[in-house]
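Okay, everyone, I'll put the structure up and talk you through it. Stop me whenever you like.

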Amino acid sequence: MDKDSRALRGFLRLSSACAAASVSPIVNENKSHLPPRGARRYTPHPKSEDCVDFFTFDKAYVERLREGDPSTEEPFVGYFEQLLRIKLRSRMLTPDKVEDLRQETFIRVIAVVRKDGVRQPERFGAFVNSICNHVLLEHYRSSAKNQPLEDAHLDMPDKVLDLDGMLVTKQSAERVRRTLDGMPKRDRDLLRGIFLEEKEKDSVCQELGVDREYLRVLVHRAKDKFKALYEKGQIGIARRATGMGNQ
Amino acid sequence: MDHNDAIQLQAAVKYVLGELSQVQRDEYEEHYFDCAECAVDIKALATFADTAREVLRQEKANQLAKEALPARGGWLRIRIP
C-alpha cells in the first residue's frame, strides 16, 4: 500500500471519529486522489456548532495528526469544518460544491501532513487555508474548461454571506431569537432587509434613515450578544467533553 | 493582516456583509484561520447571520399564516381550537 493510500485510509477514520456523523457516497469523479467510488466520506455532524475547539497548534499537535491520533483528528475536523464552509460559501458556490471542496481540502491536508509534514506547525491554520486556496483554484480552472463563464466563479462584492441554513441548530436559533427580541423594531427591520430579503444595503439603510456604519455597528453588537451566549454553550460543552463539569 | 488590523478594519462584520475587497478578504481569511480569537468571532457572526435569516424567515411565515386565517367568527373557526 502506498503512502497516499495510507493517508486516505487514515483520513477515512475521521468519519468514525465523529460518532453521529452520517455518510454519503462520493459523487465527484476524475480525481485520482479521492477515495474510490463507494467509499465513505466524512459528513459534518448535524450539531457541528457544538464541536469543541479549544486547542493550540504546535509541533506535537501536527505529529499526533500525522500519526492518526483520533483524539486529535476529531477536534481538527470540528475546528476547521465551519471555517472552511464559511470561506467556501463566501465564493458563492453551491452547497454541494462547498461540501465537495471542503472534503477535498481535508483529504489533502491529511495527505500532506503524513507525507511531508508542516514546516511551520504553529501556523497550521494558515497552512489549511492555503491548501483550500489551491483546491479552489483548481476548481476554478477545471470549471473554466467546462464552462467558460460560470456565475459561481464571479466575485460578487457587497453580497451578504449566505450559508443556506448550514449552521442553524435549535440552540443557535434560540440564541438568535433572544438576541433579536432585545432589539428595537427598526434594527430588526434592518436585519430582515439585509439577511432575509437580501435588499441592497444602501437602500435598506436609506429607507430606515441610518447609514452603513450604523448597520455595521448593529451587526457587530448583535454578534457580541450572540457570541456571549454561543461561548457560554461552547464552554459548557468543552467541560462536559473533558469531564471538568464533574469537578 | 494581523489581529489589530482585523479589529480596526471591522473585518469580521465586513466579511460577512460582503464589504471587503478581494485582497482584504484573502488576507482576512489567512488571518482568521490562524487566529483562535478571530476564528470564534467569524464563526459566531456567520452562525448569527445564517440563523437570523432562518428565524426571520420563520417569523414571516408564521405572520403570513396568521393573516391567512379567516376573521373571527368565520366557519373555519369551528375546526380551529
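Let's start at A:Met92, which counts as partly exposed because there are 18 C-beta neighbours inside 10 Å. You'll find A:Met92 in the loop between α3 (70-89) and α4 of chain A. What is the phi of A:Met92? Phi of A:Met92 is near 60°, so a positive value in a residue that isn't glycine. That catches the eye because most residues other than glycine have a negative phi.

Chain B has a case of this kind too. B:Gln10 isn't a glycine, and its phi is positive, about 55°. B:Gln10 lies in the loop between α1 (3-9) and α2 of chain B. With 17 C-beta neighbours inside 10 Å, B:Gln10 counts as partly exposed.

Now, please keep in mind that what you're looking at is a predicted model. The scores for the model are ipTM 0.78 and pTM 0.69. Chain A has a mean pLDDT of 70, with 61% of its residues at 70 or more. Where is confidence in chain A lowest, and where is it highest? The lowest is helix α1 (residues 3-17) of chain A, with a mean of 40, and the highest is helix α4 (residues 95-115) of chain A, at 91. Across residues 1-54 of chain A the pLDDT is below 50, and yet this stretch has 84 contacts in the model beyond near neighbours in sequence. Residues 150-157 of chain A are also below 50, and that stretch has nine such contacts. Where pLDDT is low, the predicted coordinates should not be read in detail.

For chain B, the average pLDDT is 83, and 84% of the residues score at least 70. Confidence in chain B is lowest in α4(B), at a mean of 84, and highest in α3(B), at 93.

On to the overall layout. Chain A has nine helices and zero strands. Of the 247 residues in chain A, 31% are buried. If you take the contacts in chain A between residues at least 6 apart in sequence, 66% of them join residues at least 24 apart. Chain B has four helices and zero strands, and 42% of its 81 residues count as buried.

A:Phe57 gives you one of those sequence-distant pairings to look at. A:Phe57 sits in the loop between α1 and α2 (59-67) of chain A. Is A:Phe57 buried or exposed? A:Phe57 has 22 other C-beta atoms within 10 Å, so it is buried. Setting aside neighbours within four places in sequence, A:Phe57 is in contact with A:Pro121, A:Glu122, A:Phe124 and A:Gly125. As for A:Arg123, its C-alpha atom is 7.2 Å from that of A:Phe57, with the two positions 66 residues apart along the chain.

Next, how the two chains meet. 30 residues of chain B are in contact with 39 residues of chain A. On the chain B side, α2 (11-16), α3 and α4 (36-68) each supply at least two of the residues that touch chain A. Which helix gives the most? That's α4(B), with 17 residues. Sorted by class, the side of chain B that touches chain A has 15 nonpolar, five polar and ten charged residues.

Then there's the largest nonpolar core, with 59 residues. The residues with the most contacts inside that core are A:Val128, B:Ala12, B:Val16, B:Ile42, B:Leu45, B:Phe48 and B:Ala52. Again α4(B) shows up: the largest share of this core, eleven residues, comes from α4(B). The core also draws at least three residues from each of domain 1 (3-153) and domain 2 (170-246) of chain A. If you want one residue to click on, try B:Ile42, which touches A:Ile86, B:Ala12, B:Tyr15 and B:Tyr32, leaving out residues up to four places away in sequence.

Last stop, helix α3 (residues 22-32) of chain B. Its buried residues are B:Arg25, B:Tyr28, B:Glu29, B:His31 and B:Tyr32. Why can we say they are on the same side of α3(B)? Because they cover an arc of only 160° around the axis. Turn to the face of α3(B) away from that buried side, and you get the exposed residues B:Gln22 and B:Val23.

Definitions and conventions:
Residues are numbered from 1 along each chain as its sequence is written. Chains are lettered from A and ligands numbered from 1 in the order in which they are written. This is a predicted model: local features need pLDDT of at least 70, side-chain atom pairs count only at pLDDT 80 or more; totals for chains, interfaces and linings use all residues. pLDDT is the predictor's confidence in each residue, from 0 to 100. Two residues are in contact if their C-beta atoms, placed from the backbone, lie within 7 Å. A residue is buried if 20 or more other C-beta atoms lie within 10 Å of its own, exposed if 12 or fewer, and partly exposed in between; C-beta atoms are placed from the backbone. The arc is that of the directions from the helix axis to the C-beta atoms. Ala, Val, Leu, Ile, Met, Phe, Trp, Tyr, Cys and Pro count as nonpolar, Asp, Glu, Lys and Arg as charged, and the others, Gly among them, as polar. A nonpolar core is a set of buried Ala, Val, Leu, Ile, Met, Phe, Trp, Tyr and Cys residues joined through C-beta atoms within 7 Å. Domain bounds come from an automatic or database domain assignment.
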